[in-house]
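Work through these exercises with the model open beside you. Try each task before you read its solution.

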Amino acid sequence: MSQPADQAPVKKSEIFGWCCFDFANSAFTTIIITAVYFVYFQKVVMSGAAEASTWWGVALAVSQLGAIIVSPFIGALADVQASKKKFLMATAIVCSLATASLYFVGPGEPLLALVLVVLANFAFSLSETLCAGFLPEISTPQNAGRISGYGWSFGYFGGLLSLVLALLIIKSGEGRVPWTFVMTGVFFMLASLPTLLLVRERARPRTLAPGRTLFAEAWGANLRSLRELPSHRTLAAFLVSLMFSTAGLVAVVAFAGGYADGVLKMTPEEFIKLLVVLQLSGVAGAYGFGLLQDRAGPKFALSLSLILWIFVCVAGAYCSSKLQFYGIGALAGIAMGALQSAGRAVVSTLTPEGRGGEFFGFWGFFTKLAGVIGQPVFGVLATHFGFRTAILVNAGFFVVGLVILLPLSLTPSVAVARNET
């Protein structure tokens, strides 16, 4: 039986603590997934082997698939035991340790590297879901979007700071790149401490019905929700659109470093400077498109962001200079901030009252599924046809997302009414 949640007032320090986790985990995605480790894996661990891109994409997809399978069970266990905070701490520690352990991987050890990347990204994905589970407890329907936006902004600045630290390490001398992996693990753990110290576990433990196992409870609820989703037609179609769009986005994030190194011959320092530009433009995109969404409507803002992504992919495929790539990177940052912030806000407007946790579970499921699709497809294409072809084909994910989005009516009053019919 469910127990009432702790209704103590939410302090600003608690909201700050929750936002700090976005600040912390952005170091992992920025340094390991995007900026540094893929290039290191490709050039050092696999000694420039062509199949590095394929293995990298498969590893990221496997970790996301594992998170999709395990998340419902971990979420149910955390809810029943009121232990989201304990699981959040555990996943943060696992991700931090696996990330720092990449320091010990040397040339000719791709299996160890891939195992550590899978473990770190798996723990990272679980931690994202667990942290999001606190949002309904520290917000109201009136301020959930604003608090969520604070988290996105903290995340971009966390990524920016980690990039600056990585650049300082790399420029400090020869052979210092592996130390950026140690820095990232330590950064994640230290920056997440405010979350672990300030955020309260407001849920109360509950007991299962007699004869009902935790595993059955978790998967039973998940299957019931999936069967019901088609009756919420607008939301279901939007989630499919968002899945394809996010598949294209995460592929760009995962292989941007390889493209910059392999095609444009950018140095690690040059690429990190590019990502600084991307982080700053991401803040501008999230904020600017948020205002645009409020004034012109969510479909217009999302459509514009997808058109911008299509342009970024096509321009990237034909890019011929580092200066051009800096401009394309700035546009990609704007498009990234716009798509991420607007997509989550639309799901909020399409969610029936009182079912936020359940329907944001759908959001998490489809966005993780996007990683299972986009990253291995890009990796295989890059291996067999080159990065230029891969990024050009990657534009197709955004085209499909846009085609599905255009017929939808995302005006909240209309969309919710249709969802309930």
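**Exercise 1. The largest cavity**

Task: Find which helix gives the most to the lining of the largest cavity, then describe that lining.

Solution:
- Step 1. This is a predicted model. In it, H11 contributes most to the lining of the largest cavity, with four residues.
- Step 2. Look for other helices. H11 and helix H13 (298–317) each supply at least two lining residues.
- Step 3. Now list the lining. Its residues are Phe-238, Ser-241, Leu-242, Ser-245, Leu-302, Leu-306, Leu-339 and Leu-405.
- Step 4. Sort them by class. Six are nonpolar, two are polar and none is charged.
- Step 5. Add the volume. The largest cavity has about 50 Å³. With a threshold of 30 Å³ or more, the count is one cavity.

A word on the method: rolling a probe the size of a water molecule over the atoms shows where empty space is left.

**Exercise 2. Phe-238 and the nonpolar core**

Task: Phe-238 lines the largest cavity. Place Phe-238 in the largest nonpolar core and list its contacts.

Solution:
- Step 1. Start with the core. The largest nonpolar core has 118 residues.
- Step 2. Pick out the residues with the most contacts inside this core. They are Trp-18, Tyr-37, Phe-41, Trp-56, Phe-238 and Trp-309.
- Step 3. Ask which helix gives the most to this core. Helix H11 (residues 233–262) does, with 17 residues.
- Step 4. Leave out neighbours within four places in sequence. Phe-238 then contacts Leu-302, Gly-343, Val-346, Val-347, Leu-350, Leu-405, Leu-408 and Leu-410.

**Exercise 3. The second largest pocket**

Task: Describe the volume and lining of the second largest pocket.

Solution:
- Step 1. State the volume. The second largest pocket has about 250 Å³.
- Step 2. Go to its centre. The pocket is lined by 16 residues, and the closest to the centre are Val-36, Val-39, Tyr-40, Lys-43 and Pro-268.
- Step 3. Assign helices. Helix H2 (37–45), H11 and helix H12 (268–296) each give at least two residues to the lining. H2 has the largest share, four residues.
- Step 4. Sort by class. Twelve lining residues are nonpolar, two are polar and two are charged.

**Exercise 4. Ser-192 and Lys-86**

Task: Decide for Ser-192 and for Lys-86: buried or exposed?

Solution:
- Step 1. Locate Ser-192. It sits in the loop between helix H8 (177–191) and helix H9 (193–198).
- Step 2. Apply the cut-off. Buried means under 20% relative accessible area. Ser-192 has 0%, so Ser-192 is buried.
- Step 3. Check its surroundings. Beyond residues up to four places away in sequence, Ser-192 touches Phe-21, Ala-24 and Ala-92. A polar atom of the Ser-192 side chain lies 2.9 Å from the backbone oxygen of Met-189.
- Step 4. Turn to Lys-86, in helix H4 (residues 84–101). Exposed means over 50%. Lys-86 has 65%, so Lys-86 is exposed.
- Step 5. Compare sequence and space. Lys-86 and Leu-196 are 110 residues apart in sequence, yet their C-alpha atoms are 8.6 Å apart.

**Exercise 5. The whole chain**

Task: How many helices and strands are in the protein chain, and what share of its residues is buried?

Solution:
- Step 1. Count the elements. The chain has 17 helices and zero strands.
- Step 2. Take the buried share. Of the 421 residues, 52% are buried.
- Step 3. Check the contacts. Take those between residues at least 6 apart in sequence: 84% join residues at least 24 apart.

Notes
Residues numbered from 1 in each chain as written. Predicted model: local features only at pLDDT ≥ 70, side-chain atom pairs only at ≥ 80, totals over all residues. Heavy atoms only, no water. Buried < 20%, exposed > 50% of the residue type's maximum accessible area, 1.4 Å probe, protein only. Polar contact = N/O pair within 3.5 Å; in protein donor to acceptor, adjacent residues only side chain to side chain. Contact = heavy atoms within 4.5 Å. Core = buried A, V, L, I, M, F, W, Y, C linked by side-chain atoms within 4.5 Å. 1 Å grid on protein atoms, 1.4 Å probe; cavity = no way out; pocket = protein on both sides within 12 Å on 5 of 7 lines; lining within 4 Å. Points joined across faces, edges and corners; volume = space filled by probe spheres on them. Nonpolar A, V, L, I, M, F, W, Y, C, P; charged D, E, K, R; others polar.
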